[in-house]
Amino acid sequence: MNRAQRLAPLIVVVAAMLAGVHAIDPSPVGVFYDDAHYVILGRALALGEGYRYINVPGAPAATHFPPGYPALLAVLWRLSPSFPENVALFKMVNAVLLGAVALGGYWMARKLFSMTAIVASLVALASTIAVPALLLSNNVISEILFLAVLLPLLVVAEDSSRRAGLGRAALLAIGAGVLCMIRAHAIVLMPALAIAYALHRRHREAAIAVATGVVVLLPWLLWVRHNDPFVPAPLRGQYGSYGAWLTEGLRSNGVGLLVESLWQNVITSAAIIARSFSLARHVMLDSVAVLAVLSLCVAGALDFAKRARTALLFIVLYLVIVLLWPFSPLRFIWGIWPLIVLLMIAGARYLWRLPEARAPRWARAARVAAAGAGTVALVGALNFNVRGYANAWWATVSRNFSPRIQPQLVWVTEKTGYDDVIVADDEGAVYLYTGRRAVPASAFTARQYLAGRSATENARGMAEIIRAFDPSYVVAWSKPTLDAATLLASARPPVLVQVDTIPSGRVFRPVE
């Protein structure tokens, strides 16, 4: 091994970490919505108040997010207990974890695909210094920790699935269970492990993997089962378990909910690919980019089937859930970006090498396909990321939402007391920055992803929240919340009365 090969892992780790640090901005927690919830749960654990939503009156137990990432934030909170100053530490740790993701991507490319140090470095860097990874790293959310654990686990799983050994299978399942404690969608790794073992005729190992995984997850599953019914009904969409939320959606809308979600998510996923790889936003160029990326991914899947079956099974099962889930697939697709990049690069190499194993007549077609699709994807990705760096696209969410959140925080701080309960669009940020207990302005249902709720439906949901929590004020700035509050204020008898205004919004008080 020459010096360049020895230094390559260090270079990609440092480059990814520097990119992550560069992307850090001073945006408040709450611009991503989920980030405020993660921090609230981390704070609750750090202060010894249990795994509970301490922003909500009655502090219901948390059953929505698994506790892995909040537990990390709790440790960091204990090290730096002053909020919001510790947000910089949270984001810095994400930047360090981004370096771990780069190392995992490099190791996966080298170990499973025998790529050269240079190609493996390109895989690692394309996965981590790109805009999608920086957007996730710059927000206090769980995706980067998830990837830092997932990638090395997939490498170990691939080697282990080819060998006999019940202990090794149990250890892998424990790792998969830990991963599920970071992101719930990681549940698909357990059947992926079992199938991979079964394909190698390791049936005892497959059984042990499933059984051990269930045992690891059992405490969390029992926690959810016991506590989920006590989450206040108007909050179950945002605060209750994923399973109960989807079950309610299916009960109300039937299996057609999944069919509609599949169609919508396929369209949205194509738009995500086009945005990330098209040279310019034009229907023809977008179509070419999507076709090129999908061609590389299909070819990559053929290579994965020989070299990385567990990873391929994970990707397929993961995407099945993502495409059927009634929610935008953007974060979920970007959440496995290193695997998608590796899939594409493996696909290009597979097509380029195909003539070596095929008749000569395949040579020209396969290599033309590899060169054409690879060039389209490469040029499109460079265009997207160069423009992304020039415009700091990883901060787009914070730029859009920070100006809307700040007026709420200022008004609540100046005009309310610590005993007041606030209804707000950004209730997590309101609690963290003002200390006032806060609840969302509307309920969230599975159907909303496919068909927006009317102002009347939103008003009905807001009225339920008002009855359940007896808030002191309703702070409204988003159009759905403003429309719902306006309807309640104009009702006979009125439920709300306007008492003040904020930039781009209004403040209401419930009528006693």
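**Exercise 1. Work out whether V31 is buried or exposed in this predicted model, and find what lies across from it in space.**

*Solution.* Start with the accessible area: for V31 the relative value is 5%. The cut-off for buried is under 20%, so V31 counts as buried. Next, place the residue along the chain. V31 sits in the loop that links helix 1 (3-23) to helix 2 (34-46). Finally, look for a partner from far along the sequence. D426 is 395 residues away from V31 in sequence, yet their C-alpha atoms are 8.1 Å apart in space.

**Exercise 2. Trace the strands that pair with strand 1, and say which way each pair runs.**

*Solution.* Begin with strand 1 itself, residues 421-424. V421 and V423 point to one side, I422 and A424 point to the other, and all of them are buried.

Now go to strand 2 (residues 437-440). Four bridges connect it to strand 1, and the two run parallel. Here A424 faces P440. To get from one strand to the other, follow the chain through helix 20 (residues 427-434): strand 1, helix 20 and strand 2 form a right-handed β-α-β unit.

Then try strand 3 (residues 473-476). Strand 1 pairs with it over three bridges, again in the parallel sense. Two contacts help you find the match: I422 has Y473 as its bridge partner, and A424 stands opposite V475.

**Exercise 3. Carry on from strand 3: are its faces covered, and how does it run against strand 5?**

*Solution.* Take the faces one at a time. Y473 and V475 are on one side, V474 and A476 are on the other, and all four are buried, so both faces are covered. Now step across to strand 5 (residues 505-510): three bridges join it to strand 3, and this pair is antiparallel. For one example, V474 has F508 as its bridge partner in strand 5.

**Exercise 4. Describe the second largest pocket: its volume, its lining and where that lining comes from.**

*Solution.* First, the volume: about 930 Å³. Second, the lining: 33 residues, with L122, A126, V341, I345 and L378 nearest the centre. Third, sort the lining by class, which gives 25 nonpolar, six polar and two charged residues. Fourth, look at the helices. Helix 5 (117-128), helix 13 (256-277), helix 17 (337-353) and helix 18 (361-391) each supply at least two lining residues. Helix 18 gives the largest share, with twelve.

**Exercise 5. Hunt for unusual backbone angles: where are the cis peptide bonds, and which residues other than glycine have a positive phi?**

*Solution.* Do the cis bonds first. The bond from F83 to P84 is cis, with omega near 10°, and P84 lies in the loop between helix 3 (68-79) and helix 4 (87-113). The bond from R492 to P493 is cis too, with omega near 0°. P493 belongs to the loop between helix 22 (479-490) and strand 4 (496-502).

Now for phi. R201 has a positive value of about 60°, in the loop between helix 9 (189-199) and helix 10 (203-227). D470 has phi near 45°, in the loop between helix 21 (455-469) and strand 3. To finish, check their accessibility against the cut-off of over 50% for exposed. R201 is at 71%, so it is exposed. D470 is at 62%, so D470 is exposed as well.

Technical notes:
Residues are numbered from 1 along each chain as its sequence is written. This is a predicted model: local features need pLDDT of at least 70, side-chain atom pairs count only at pLDDT 80 or more; totals for chains, interfaces and linings use all residues. Side-chain values use heavy atoms; hydrogens and water are left out. On a 1 Å grid over the protein atoms alone, a cavity is a set of points where a 1.4 Å probe fits but cannot get out, and a pocket is an open set with protein on both sides within 12 Å along at least five of seven lines; lining residues have an atom within 4 Å of a point. Grid points are joined across faces, edges and corners, and a volume is the space filled by probe spheres set on the points. Ala, Val, Leu, Ile, Met, Phe, Trp, Tyr, Cys and Pro count as nonpolar, Asp, Glu, Lys and Arg as charged, and the others, Gly among them, as polar. Buried means under 20% relative accessible area, exposed over 50%, partly exposed in between (1.4 Å probe, protein chains only). Two strands pair if DSSP finds at least two bridges between them. A crossover is right-handed if, with the strands pointing away from the viewer, the path from the first strand over the helix to the second runs clockwise.
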